[in-house]
Each structure stands twice: as structure tokens, then as C-alpha cells.
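Let's take a walk through this protein together. Have a look at the picture first, and then we'll go through it piece by piece.

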Amino acid sequence: MVSVATWNINSVRLRMPIVERFLKETAPDVLCLQEIKCQEHQFPYEAFKALGYEHIAVHGQKGYHGVATVSRVPIREFSRHDWQDNGEARHVGVELPEHDGMIVENVYVPAGGDEPDREINVKFGQKLDFLERMTRWADAVDRPTLIVGDFNIAPLESDVWNHKQLLKVVSHTPIEVESLQRFMDAHGWADIGREHIKAPERYYSWWSYRAKDWKANDRGRRLDHMWASPELAKQASGHSVHEYARDWEKPSDHVPLVTEFDI
């Protein structure tokens, strides 16, 4: 069995205390972090090694973005794709050689700015282009692969607190949902979260910092995802959303997801 977690941590150095708490309490074999906001030499390697996560792959940059995968089981870096096409650190892939050569791809899709119109918002166009490059890549995937991370899209009506109010809000617009569906279709990905938490059940992974009482208002969105290749998906035995982490001291606005595989 191997367990994989994903978490947009919104600065790994600032939030190392809650990362440590999560790892001690939940102990996933592999943790994929997005938005680490540091260069590779600044990553807290020793803190993770002290917790038993000795295998580490980091793709970082100064101040923004960045992804890292840490593991208690052996991993080796497998890939780094520039789906943003501008050098931003938004992806790192690793192989788990002791688990049937399983590949874990860790990705941070751009948020896309505020206006869902590429003609007036360059960032939104970059997001759609990022998804198109991911889709072309997915069409050629030929290994048992799990892709996880902050996709910055909540595709289903039950993935957001109010479908009608958010239809014109970046992250839930029809064009984004359609782009994400094309990515899914390119490899036949299985949405592990929704395999275990069936729609239309509420399922969120992000709540804005702007909400004074995130829990009472519960204006969440499911921006974080764990998708598996068809055969690998059959080996997924459990999936959990750790909402309580949103209540921890100095939390991320995202919470961790964890999937277990019988491998």
C-alpha cells in the first residue's frame, strides 16, 4: 500500500509547523506540495528529513509558485514540464520504483486572474494555454500515473458553494470546465476524489482568506485534485479531505487531500 497527499501550502517555510503536524498525524508516504514560494536551495530539506521524508524533488523559484514532492519511500525525479511556457516552476514528476514504477505528477495550474476573457486578461489566456499543453502531454502518457495538485478549477456544480453565482468567476467558468474535460478525456483520467465522494455531495478544498468565518460561511471550492490513469485508479482504496487543517494556526487557504493505493 502507498498513500499520496497533495496540498497547496502557500509558502512551505512559513507553514512548516502545520506541515509537520500533518505529517506526524497522517503520515502519508508521499506529499506533493504546491506554491512553496522558495528557490530550491531555500527549501527546508532538513526539517523534512527529520520527519522521515528523506527523498525529495523540488522545482522552485524566487518568491512565487514552486512545487515539491517529499517521500518516505524511494522516489526519483522523472520530469519537469514548462506547461506555462515561460520558465515558471509549476511542475515536477517523480517515479516510485518500489511501487510498480508508479508516476506521480505534481502540478500547480495558474489561477488565471480575475476576468474570464483572454482578450482583456493575459493571465486567463495563459491558463487556458497551460491546460492545452497538459492535454497534449496527457495524450501520450503510457505509464501508470497519478497527477495531483492545485488545478485552480472547480468543474462540478457541487464543487462550489453556489454554481449560479460563480459561473462567471474564474475557476468555475464553462470554458475552464470544458478545457479541463478535454484534459481528462486525453488520457481517460479517473477523478479519484469524485470516485469516492460522489456528486452531488459537497466537496471543497479551498476557502478564501477573505472570509471572516470560513466554516460558518462555507463558501468553498474544489480546486485541488487527484486524478489517476484508468488501471491505477482501480487500485485506489481510499480518499480523504482534511478540512480540519483550515482551522490550524496560520493555515493555508487550501487543505490536504490523501489517496491510498493497494500497490
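Start with the charges: in this predicted model, the protein chain carries 32 positive side chains and 42 negative ones. If you find the centre of each of those two sets, the centres sit 6 Å apart. As for the outside of the protein chain, the accessible surface adds up to about 11500 Å², and carbon and sulfur atoms own 46% of that surface.

Now for the building blocks. Tracing the protein chain, you'll come across eight helices and 14 strands. How compact is the protein chain? Its radius of gyration is 17 Å, close to the 18 Å that the globule rule gives for 263 residues, so the chain is as compact as a globular protein of that length. Along the principal axes, the C-alpha atoms fill a box of roughly 45 × 45 × 35 Å.

What about the inside? Of the 263 residues in the protein chain, 57% are buried, meaning that each has under 20% relative accessible area. Now take the contacts with a separation of 6 or more: 67% of them join residues 24 or more positions apart.

Next, pick out the open sheet of six strands, which has mixed pairing. Reading across, the strand order is 5-6-7-8-12-9. At the edges are strand 5 (76–79) and strand 9 (190–191), each pairing on one side only. Further in, look for strand 8 (residues 145–150) and strand 12 (residues 224–228), which pair in the antiparallel sense over five bridges. To zoom in on that pairing, find G149: it stands opposite H225 in strand 12.

Methods: Residues numbered from 1 in each chain as written. Predicted model: local features only at pLDDT ≥ 70, side-chain atom pairs only at ≥ 80, totals over all residues. Heavy atoms only, no water. Helix = DSSP H or I, 4+ residues; strand = E, 2+ residues; numbered from the N terminus. Rg over C-alpha atoms; globule rule 2.2 N^0.38 Å. Buried < 20%, exposed > 50% of the residue type's maximum accessible area, 1.4 Å probe, protein only. Contact = heavy atoms within 4.5 Å. Areas by Shrake-Rupley, 256 points an atom, 1.4 Å probe, with all protein chains shown as cover. Lys, Arg positive; Asp, Glu negative; His and termini not counted. Charge placed at Lys NZ, Arg CZ, Asp CG, Glu CD. Pairing = 2+ DSSP bridges.
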